[in-house]
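Colleague: Could you take a close look at one loop residue for me, and then walk me through its surroundings in the rest of the chain? I'd like to see where it sits before we talk numbers.

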Amino acid sequence: MKNRLREVRLAKGLTLLQLAEKVGVGWQTVQRKEVGETSLNDKQADIYAKALGVKPQELFVKESDLPLIPVRGAVEAGYWAAALEWDEEDWYDIAVPEDARYPKARRFALEVRGPSMNLIYPEGSALVCVPLVDIEHEPMPGKRYIIYRRNAADEIEATCKELRTDERGKPWLWPVSSHPEHQTPLAVNGDPNDEIEIYALVILSVRIE
């Protein structure tokens with residue numbers, strides 16, 4: 001069963017560090033539990049549940065109980081297409097927990113293709129996103145976003161980038177990659193022949209093992 005640790009923590013208004021202090025571990029340990037990199041055994045569930053003020057069974061959810069989110073397209077740096085989304089018959093669903101931070105936002109997922117964000121999101125991962133317009137969110141440095149870029153031929157490139165600012169405060173959209181062809185950032189207000197839109201915030205990634 002998947003755990004609901006992150007969802008419950010957010011619902012209780014706690015940061016990773018605050019929960020880690022309550023449990024007596026490092027915040028990285030809590031993060032690994034939340035994303036499923038390490039399992040949450042019965043003893044640990046009792047400890048986390050007590051820290052969060054819930055019953056241990058409330059920290060788990062059956063896979064079948066999770067809402068389904070459609071993977072309806074892909075992000076791939078360097079790939080330009082006439083349409084943003086796949087044909088609907090090519091969509092597939094992934095099961096992900098609810099996110100208490102964005103209860104009314106439309107969630108969708110995109111498949112990662114290529115190595116442009118491979119230090120964070122391996123190829124084949126699915127990125128769960130919410131449109132910025134749904135959450136009244138102003139882009140913030142350190143967050144990762146879905147970027148739509150339209151060229152003079154009216155083709156669209158959909159990519160994932162991390163927003164960073166340089167020493168002068170200028171915003172850049174960075175790939176986070178080990179691949180030599182994906183080391184150059186995009187200026188938010190760059191080439192006048194390209195129309196760049198920061199469309200959605202990445203709120204969760206589902207990694208393919």
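What does Asp 154 count as in terms of relative accessibility, and at what percentage?

Modeller: Happy to. One thing to keep in mind from the start is that this is a predicted model. Asp 154 counts as partly exposed, because its relative accessibility is 47% and that class runs between the 20% limit for buried and the 50% limit for exposed. The residue belongs to the loop that connects S7 and S8. Its backbone deserves a look too: phi is positive, about 65°, although Asp 154 is not a glycine.

A useful companion is Glu 136, which also has a positive phi without being a glycine, in this case near 50°. Glu 136 sits in the loop between helix H5 (132-135) and strand S7 (144-150). Here the accessibility class is exposed, since the relative value is 76% and the exposed class begins over 50%. So S7 is the strand that follows the loop of Glu 136, and S7 is also the strand that precedes the loop of Asp 154, with the classes being exposed for Glu 136 and partly exposed for Asp 154.

On the other side of the Asp 154 loop comes S8, and that strand leads us to a pocket. The second largest pocket has a volume of about 210 Å³. It is lined by 13 residues, and those closest to its centre are Ala 74, Tyr 79, Ala 81, Ala 83 and Leu 84. Two elements give two or more residues to this lining, namely strand S3 (68-75) and strand S8 (156-165). S8 gives the most, with 3 residues. By class, the lining holds 9 nonpolar and 4 charged residues, and no polar ones.

While we are at S8, one distance helps with orientation. Ile 156 is 61 residues away from Ala 95 in sequence, and their C-alpha atoms are 28 Å apart. Ala 95 is part of strand S4 (residues 92-95). Ala 95 counts as buried, because its relative accessible area is 16% and the limit for that class is under 20%.

Now to the other pocket. The largest pocket has a volume of about 1,400 Å³. Its lining has 41 residues, with Arg 6, Glu 34, Val 35, Leu 204 and Ser 205 closest to the centre. Strand S1 (2-3), helix H1 (5-11), helix H3 (27-35) and strand S11 (195-206) are the elements that give two or more residues to this lining. Among them, S11 gives the most, with 6 residues. The lining of the largest pocket divides into 17 nonpolar, 7 polar and 17 charged residues.

Two more residues tie these parts to other loops. Gly 114 is in the loop between strand S5 (108-112) and strand S6 (126-131), and it is buried, with a relative accessible area of 15%. Gly 114 is 89 residues from Ile 203 in sequence, and the C-alpha atoms of the two are 20 Å apart. Lys 12, in turn, is placed in the loop between H1 and helix H2 (16-23). Leaving out residues up to four places away in sequence, Lys 12 touches Leu 52, Gly 53 and Val 54. Lys 12 and Ala 100 are separated by 88 residues in sequence, while their C-alpha atoms are 9.7 Å apart. Like Asp 154, Lys 12 is partly exposed, here with a relative accessible area of 44%.

Finally, the whole chain as a frame for your residue. The protein chain has 5 helices and 11 strands. Its radius of gyration is 19 Å, which agrees with the value near 17 Å for a compact globule of 209 residues. Along the principal axes, the C-alpha atoms fill a box of roughly 55 × 45 × 35 Å. Of the 209 residues, 40% are buried. Taking contacts between residues at least 6 apart in sequence, 61% join residues at least 24 apart. The chain exposes about 12,100 Å², and carbon and sulfur atoms supply 47% of that area.

So, back to your loop: Asp 154 is partly exposed, has a positive phi, and lies between S7 and S8, with S8 giving the most to the lining of the second largest pocket.

Methods. Residues numbered from 1 in each chain as written. Predicted model: local features only at pLDDT ≥ 70, side-chain atom pairs only at ≥ 80, totals over all residues. Heavy atoms only, no water. 1 Å grid on protein atoms, 1.4 Å probe; cavity = no way out; pocket = protein on both sides within 12 Å on 5 of 7 lines; lining within 4 Å. Points joined across faces, edges and corners; volume = space filled by probe spheres on them. Helix = DSSP H or I, 4+ residues; strand = E, 2+ residues; numbered from the N terminus. Nonpolar A, V, L, I, M, F, W, Y, C, P; charged D, E, K, R; others polar. Rg over C-alpha atoms; globule rule 2.2 N^0.38 Å. Buried < 20%, exposed > 50% of the residue type's maximum accessible area, 1.4 Å probe, protein only. Contact = heavy atoms within 4.5 Å. Areas by Shrake-Rupley, 256 points an atom, 1.4 Å probe, with all protein chains shown as cover.
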